[in-house]
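Please work through the following exercises on helix packing and charged side-chain pairs. Each task is followed by a solution in steps.

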Amino acid sequence: MAIDRVLITGANSQLAAFIVQAFADREVIAQARQTLDVTDPGVVARTVAAIAPDLIVNCAAFNDVDGAESRAVEALAINAFAVRSLARAADAAGATFVHYSSDFVLNSDSREPHDEELRPAPRGVYASSKLLGEWFAQMSPRAYVLRVESLFGSPADWTGRRGTLDHIVDGLQQGREIKVFTDRIVSPSYSKDVAAATRHLVMSGAPPGVYHCGSDGHASWHDVAAEAARILDVPARLVAITVDQLPLRVPRPRYCALSTKKLAAAGFAMPSWQDGLRRWLETRSRG
């Protein structure tokens, strides 16, 4: 099916900015919450029917893992039930649907990068809401669910919600000591690469379904921070800690590495996390 008109929700997110760039040669309608409240099923249905997109890319998300424990209704409204409304609207419009999920839906003692066949085991409201969103997304027969992890890619002047790498880089550049986990193994996802993978899947006609979309390779947060310091050429004032040393409301998965073999088999090889980190930091240094 030809993709000529693209509707993007959650337009104020850093990922949405890269999605807009990835589809710059198409007609793009980007809607923030102020112009499209995805938690209102009637508004979603009417808006999608009026726009008649060929593709809907949902970047709206509630990402406060600990905050979701006390704001469960809001987390479920955005991460789950809004996805159901968008999937239904996409199906009614005959549109392809893309939704982004999280490595948090998985929780395994496996020490091998997780593939898409691993049984989900969410812990906490946030992870449960993301898994529900996956299920609702797949109500649409042309749905792609991309599980991402530790998204990064914000500009230096970003005022939105900041991720782990934002805090690490800020600390390094300010010469502060930074507490970093040695026992959380991650595959950080550069938003620009996630956007490129998204375009490839929908434009190539790859089979719909769940795809892992983290960067290639994995490392501890301590190793990621050390690599960022090396690229920035600043001292690495890192304080090694473990997950058990912080009073987190929601347990964090310790081994979160994602296997991207399925995505590679569909024709898109994710760059390494080191490569993505370098390109991001170079972009920030250029302002």
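The exercises below concern this predicted model.

**Exercise 1. Helix packing**

Determine how helix α3 and helix α4 are oriented relative to each other, and state which residues form their contact.

*Solution.*

Step 1. Two packed helices are described by the angle between their axes and the distance between the axes.

Step 2. For helix α3 (residues 72-93) and helix α4 (residues 125-137), the angle is about 10° and the axes are 8 Å apart.

Step 3. Angles under 35 degrees count as roughly parallel; α3 and α4 are therefore roughly parallel to each other.

Step 4. On the α3 side, the contact comprises A72, A75, L76, N79, A80, F81, V83, R84 and A87. On the α4 side, their counterparts are V125, Y126, S129, K130, L132, G133, F136 and A137.

Step 5. By class, the residues of this contact between α3 and α4 comprise twelve nonpolar, three polar and two charged.

**Exercise 2. A salt bridge between distant parts of the chain**

State where D66 and R252 lie in the chain, and decide whether they are buried or exposed.

*Solution.*

Step 1. Side chains of opposite charge can pair when their charged atoms come close.

Step 2. D66 and R252 form a salt bridge through their side chains, with an N to O distance of 2.8 Å.

Step 3. D66 belongs to the loop between β3 (55-58) and α3, whereas R252 belongs to the loop between β12 (238-241) and α8 (261-265); the pair is 186 residues apart and links distant parts of the chain.

Step 4. Both D66 and R252 are buried.

**Exercise 3. Partly exposed pairs**

Classify the accessibility of R71, E74, R142 and D91, and describe the salt bridges that these residues form.

*Solution.*

Step 1. The side chains of R71 and E74 meet in a salt bridge at 2.9 Å, N to O.

Step 2. Partly exposed covers the range between the limits of 20% and 50% relative accessible area. R71, at 36% relative accessibility, therefore counts as partly exposed, and E74 does so at 30%.

Step 3. R142 and D91 form a salt bridge in which the closest N and O atoms are 3.8 Å apart.

Step 4. Because R142 lies in the loop between α4 and β5 (143-148) and D91 in helix α3, this pair ties together parts that are 51 residues apart in sequence.

Step 5. R142 counts as partly exposed at 28% relative accessibility, as does D91 at 37%.

**Exercise 4. Salt bridges in the whole structure**

How many salt bridges does a search of the whole structure find, and which residues do shared partners join into one network?

*Solution.*

Step 1. The search of the whole structure finds 20 salt bridges.

Step 2. D193, D275, R278, R279 and E282 are joined into one network by salt bridges that share partners.

Methods: Residues are numbered from 1 along each chain as its sequence is written. This is a predicted model: local features need pLDDT of at least 70, side-chain atom pairs count only at pLDDT 80 or more; totals for chains, interfaces and linings use all residues. Side-chain values use heavy atoms; hydrogens and water are left out. Axes are lines fitted to C-alpha atoms, for helices over the stretch in contact, and angles run from 0 to 180 degrees between N-to-C directions. Helices (H or I, at least four residues) and strands (E, at least two) are DSSP runs, numbered from the N terminus. Angles under 35 degrees count as roughly parallel, over 145 as roughly antiparallel, 65 to 115 as roughly perpendicular and the rest as oblique. Contact means heavy atoms within 4.5 Å. Ala, Val, Leu, Ile, Met, Phe, Trp, Tyr, Cys and Pro count as nonpolar, Asp, Glu, Lys and Arg as charged, and the others, Gly among them, as polar. A salt bridge is a side-chain nitrogen of Lys or Arg within 4 Å of a carboxyl oxygen of Asp or Glu. Buried means under 20% relative accessible area, exposed over 50%, partly exposed in between (1.4 Å probe, protein chains only).
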